[in-house]
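This report walks through a single protein model, moving from its strands to its interior and then to a few individual residues. Please keep the sequence and the structure in view while reading.

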Amino acid sequence: MPFEPIIGLEIHAQLLTQSKIFCGCSTAFGAPPNTHVCPVCLGLPGALPVLNRRAVDYAVKAALALDCQVHARSIFARKNYFYPDLPKGYQISQYEAPLATDGVLKYHVGGAARRVGIIRLHLEEDAGKSLHEGFEDSDRKTYVDFNRSGVPLVEIVTRPDLRSAADAADFFSRLRAILVWIGVNDGNMEEGSLRCDANVSVRRA
């Protein structure tokens, strides 16, 4: 019996700010490990985050480019999980009250109209990076670089409107081009500033 895939994407895009989302540390890529850090992005006790206004502006710009409804009120929340590259034991993200919802990206492929819905677009901070290779004792130890911790992201969650791997790749390419063109993301997947996860199920065709 034939089946077809049902695909939705979760895309994390680093915003092109010069400083992190809740502190003044640099977001520049390629610095020596643990040099762009401070008590806020290291999650030290008593450190208080201050929201980066430009990160909000860029997130709103991305939301408008995707025809989302931008909400006047959104709320940050704690996403709790325990991993070495998350120094606080939680990630500051948005859940119940995201920045923007109900968007859509419309385009044409081979003369056929396509429409992919956007469930939500919200702001969050990135985690650090676990390093599993490149050291003499990498077979026994994991190292952690917190330079990326606190870098501003938008997470874009699509509706399950894609029906093949080719459809998903084409949509992602178009979304990447939009984010780069409006100047909120550099599209550099090699440096991790644009990442994509797929949620897939199947149904009878």
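How many bridges join E2 to E5, and do the two strands run parallel or antiparallel? Two bridges join E2 to E5, and the strands run antiparallel. The model discussed here is a predicted one, and the sections below should be read with that in mind.

## The six-stranded sheet

E2 and E5 belong to an open sheet of six strands, arranged in the order E2-E5-E6-E9-E1-E10 with antiparallel pairing. Strand E2, covering residues 69-70, and strand E10, covering 194-204, stand at the edges and have a single partner strand each, so one side of each is left without a neighbour in the sheet. As general background, the strands of a sheet pair through backbone hydrogen bonds, in either a parallel or an antiparallel manner.

Individual residue pairs help to place these strands on the structure. At the E2 edge, Val70 has Ala100 as its bridge partner in E5. At the other edge, eleven bridges join E1 to E10 in an antiparallel arrangement, and Glu4 has Arg203 as its bridge partner in E10. E1 also pairs with E9, again in the antiparallel sense and over five bridges, where the bridge partner of Ala13 in E9 is Val154.

## Strands E3 and E4

Strand E3, residues 76-80, is joined to E4 by five bridges, and these two strands run antiparallel. One of the residue pairs that can be located here is Phe76 with its bridge partner in E4, Gln94.

Strand E4 spans residues 90-94 and is mostly covered, with five of its five residues buried. In a regular strand, the side chains alternate between the two faces of the sheet. In E4 both faces are covered, since Tyr90, Ile92 and Gln94 on one side are buried, as are Gln91 and Ser93 on the other.

## The nonpolar core

The largest nonpolar core holds 36 residues, of which Leu121, Ile156 and Phe171 touch the most other members. At least two residues of this core are supplied by each of strand E1 (3-14), helix H1 (53-65), E4, strand E5 (100-109), strand E6 (112-125), strand E9 (152-158) and helix H2 (165-181). H1 gives the largest share, six residues. In soluble globular proteins, nonpolar side chains tend to be buried together.

The surroundings of Phe171 can be listed in some detail. When neighbours within four places in sequence are left aside, Phe171 is in contact with Leu9, Ile11, Leu105, Tyr107, Val116, Ile118, Thr158 and Leu162.

## Two buried residues: Leu123 and Phe22

Leu123 lies in strand E6 and has a relative accessibility of 2%, so Leu123 counts as buried. Beyond its neighbours within four places in sequence, Leu123 is in contact with Leu15, Ile21, Ala55, Val56, Ala59, Phe76, Ser93, Gln94, Leu153 and Val154. The C-alpha atoms of Leu123 and Thr142, which are 19 residues apart along the chain, are separated by 29 Å.

Phe22 is found in the loop between E1 and H1, and at 9% relative accessibility Phe22 also counts as buried. Although Phe22 and Pro49 are 27 residues apart along the chain, their C-alpha atoms are separated by 4.7 Å. Pro49 is also among the contacts of Phe22 outside the four-place sequence window, a list that further includes Val40, Val50, Leu51, Phe76, Ile92 and Glu125.

## Positive phi values

Most residues other than glycine have a negative phi. Asn34, which lies in the loop between E1 and H1, has a positive phi near 60 degrees, and Asn34 is partly exposed with a relative accessible area of 34%. Asp102, found in strand E5, likewise has a positive phi, near 55 degrees, and Asp102 is partly exposed with a relative accessible area of 45%.

## The largest pocket

The largest pocket has a volume of about 460 Å³ and is lined by 21 residues, of which Thr27, Ala28, Phe29, Gly30 and Glu191 lie nearest its centre. By class, its lining consists of eight nonpolar, eight polar and five charged residues.

Notes
Residues are numbered from 1 along each chain as its sequence is written. This is a predicted model: local features need pLDDT of at least 70, side-chain atom pairs count only at pLDDT 80 or more; totals for chains, interfaces and linings use all residues. Side-chain values use heavy atoms; hydrogens and water are left out. Buried means under 20% relative accessible area, exposed over 50%, partly exposed in between (1.4 Å probe, protein chains only). Helices (H or I, at least four residues) and strands (E, at least two) are DSSP runs, numbered from the N terminus. Two strands pair if DSSP finds at least two bridges between them. A nonpolar core is a set of buried Ala, Val, Leu, Ile, Met, Phe, Trp, Tyr and Cys residues joined through side-chain atoms within 4.5 Å. Contact means heavy atoms within 4.5 Å. On a 1 Å grid over the protein atoms alone, a cavity is a set of points where a 1.4 Å probe fits but cannot get out, and a pocket is an open set with protein on both sides within 12 Å along at least five of seven lines; lining residues have an atom within 4 Å of a point. Grid points are joined across faces, edges and corners, and a volume is the space filled by probe spheres set on the points. Ala, Val, Leu, Ile, Met, Phe, Trp, Tyr, Cys and Pro count as nonpolar, Asp, Glu, Lys and Arg as charged, and the others, Gly among them, as polar.
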